[in-house]
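Hi there,

Here is the structure I promised to pass on. Have a look at it first, and my notes on its cavity and one of its pockets follow below.

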Amino acid sequence: MALPFLPGQVFDRKIGKAKFHKTHQFDYRNDVSVYVGEDKCGIGGDPLPGQKLKPRHSAYPKGIGPEAPAWVAFDRQLNEDQPRVGKGEGMLFKCTVVQNADVTFDKCDNMMTRQWVKEELEIFHSSGQQSNLQPLNQWSHVLNIELQELLVLCFDAYFQEAVHEKREEQYRIRRCKIYFYLEDDSIQVIEPKVNNSGIPQGTLIRRHRVPLPPPNDEEFYTVENFNVGQEITLYSRTFKITGCDDFTHNFLRKLGVRIGNQNNIPSDPYTEHRKKEVESMQPLRPYETEDTLRQFLQFDRNVLRFYCLWDDCDSMFGDVREMELHYFLADDTVEICERIPNNSGRDAVPMFLRRQKLPKEPTSLRQPGEITGRTVLNVFGPMGHGGRWILDSLKTGAVHTDYYHDSDLTIGSVINVWGRKFLICDCDEFTKEYYKSKYGVGDFESISFKADPVSLPVREIPPYNGFGSEEDSLATCLSLRPKPTRRDFKKFMEKDRKGLESNVLRFVARLDTTRPIDIDRRFIISYFLSDDTLLVFEPLQRNSGILGGKFMERGRIKKPDGVNYFAAQDLYIGANVDFHNFKFILIDADEYAVVYMEKHAPEFPQANVQIILPKLKPILDQKYEEIKREFQAFDIENSGKIPAKNFREILQRFGQGILTVHEQLTVARHYGDVQVEEDDFQLLVVAIQEQLRKANFEDFANMMDSCKHEDVLGTGFLPLQELHNTCRRFGVPAKQDLLRALLEKVERNDKGEANYQQFLQLLNWRDSPVSSQKFVPAAAPDPKSVKRTGPQELPTLVYYKDLLQNLLAVE
């Protein structure tokens, strides 16, 4: 019983539908408006009643789900054991690929999928079986594109082309291959090339979708239009399909297509005619050819190496010469190189014998035409026109040359190299393995052919004559073209002068002599850490009768043993040194040298307290009470410290012969209370401002701008060397010693940089005068006139109790 046509009892077909657009019925074709409504659907894309739409692409049977194409399923590419799944779930595919399919991977965006498909294809081609492609879930959409690109239908076809105005042929049969790509229904037609055809061959129709012939030119060829035995028209050219490959045959059969029988391509009369002509032009006895390509491909880059000896002592000025023979297995050629030892007096030629085939017996140069591929005999008749010639099948006049091969080259054999006898003495490991594998040779006992090395006489180095440095003089003895000595550039860059850091150790010395005229002479010995050189300078002393100045030129000085050079560790207070037979005693040093040695205590044992204290330990164990009484005798207030002078006298008395003067000074400075005498800061600023006032120097604003320009980060601090250079650049009329002393008093940061604003404010006598009263220059301090306070006078008091406690703790 049917439901009545009443509201509420009728199924609404619009429920769940979202598309209600109308298709347009008119369009433009070649700039002409035409009616196209016959191929258009109704409202919302639904076909009209009774309307049959023509398929625009190849139609495949349905029923396997929307994700897998039909041609995949009908080729048994969906695993029957797996359930039919929808979108987003994994599938197991099995792909069959034809040999002449156009495989491309350009459209695959996933590099891992592309590499995986390639590996599966390699397995398929190597094993001849089907390749199992198992994509992951996230690769399913990419794999569908890959499988479509891999499958191509291949058909064998031909077309007949008319030939006009030619007696030899009236028509021509042209063979071709038709490829149908299932990916996008595109077609490609390729004609195999024929030699000497005179016809442009190759790709006749490039790959694209081909329209059907008129009047159906609005549609395109699909897979239903192809079958064996059918004729298809592509751009007014009719192709007859005569066959297909196995994959195409199986594919069409599974689509339900009844495939026709394979047909033979008809023969071309003109092609048969040309084939007979070519066969008639072939010689009855062709040239004999030797196939060397296989040997070249098998043994290319494989070379046998032999070490040979050529005894040329029979000739005038001849000797024994070592050779190296290379045998190329690719073409049986030989080259010989000569091993020329150093200083042999021979020219280093690149090759002794260029690469060529080596004959066993030297022959003279052949005449032109003597060596030919075949021999021609004159049967009868004159030599010129009218004679009768035949080929000599027995080759009675052929010239045969016997060449050396790998079987002729063995250790101990003598070969003839164009009249020179070469003895094969040894070979390399590759050559031994080659003969062992090919000929079964196992004995490769080499022949000793190298002469015993001649003992060279010991080179005698002449003694140093004193001119220049010893390294330069030694270089002239080692080579005819002496090279400059190489300096330690890294050490030079590390120890060279940097700003106020001079890296020069200066000592005061006197001559070790009893002559009255030389006892009072004083010398300044400077040791440069950048290149380990020494400079001896003698200050001028009035009314001494001796001219001061440079006593020894700067350079490296050898020790009395004549082997080693003086190092920085050999110079310390109390040391006796001998410079070119001048004996010096170092009696003092500047503060920089002593501080540098204390900062680098591991390099200088004389300034290392950890090494000095164990030396005092035995003395303290024997005379502890006596030493303690001596210290307490000078400590009246029992404060635990005594004057440094008395402390050093006690150490010298008890440690005589054990501690040097520098070691005593090191102990005194380590346990001493250093009191640095501070200069009058206000008096120093007044002295500098007075000099600037007299010179009328007022360029402080430009100096401030220059300092701010150098201060890129805007910290307000600059290095001391930069401030010193700024003063020199603006020509500040003040003594350098006073400026350097003022820089030491300026505020500094953690990096040791000075506050340039405070420094310039102290120099500005116009805006920041220190004192308004008239300055007396006589009261100004002169750094050069102040009494010297050296390292020996710097510690005033020494804590002897700390020394005794540390000595008792030393093991």
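The largest cavity is lined by L616, I619, L620, I627, F631, I650, L651, F654, G655, L803, L804 and L807. Four helices each give two or more residues to this lining: α12 (609-622), α13 (624-634), α14 (644-654) and α21 (800-809). By residue class, the lining of the largest cavity has eleven nonpolar members and one polar member, with no charged residue. Please keep in mind that this is a predicted model.

As for volume, the largest cavity holds about 130 Å³ of space. Searching the whole structure turned up one cavity of 30 Å³ or more.

I also looked at the second largest pocket, which holds about 880 Å³ of space. Its lining is made up of 31 residues, and those nearest the centre of the pocket are S469, E471, G555, R556 and Y565. Which elements each supply at least two residues of that lining? They are α8 (470-478), α9 (489-495) and β22 (549-555). Of the elements, β22 provides the largest share, with four residues.

The residue classes are worth a look here too. In the lining of the second largest pocket, 15 residues are charged, ten are polar and six are nonpolar. Set that beside the lining of the largest cavity, where no residue is charged and eleven are nonpolar.

Happy to talk any of this through whenever it suits you.

Best wishes

Notes. Residues are numbered from 1 along each chain as its sequence is written. This is a predicted model: local features need pLDDT of at least 70, side-chain atom pairs count only at pLDDT 80 or more; totals for chains, interfaces and linings use all residues. Side-chain values use heavy atoms; hydrogens and water are left out. On a 1 Å grid over the protein atoms alone, a cavity is a set of points where a 1.4 Å probe fits but cannot get out, and a pocket is an open set with protein on both sides within 12 Å along at least five of seven lines; lining residues have an atom within 4 Å of a point. Grid points are joined across faces, edges and corners, and a volume is the space filled by probe spheres set on the points. Ala, Val, Leu, Ile, Met, Phe, Trp, Tyr, Cys and Pro count as nonpolar, Asp, Glu, Lys and Arg as charged, and the others, Gly among them, as polar.
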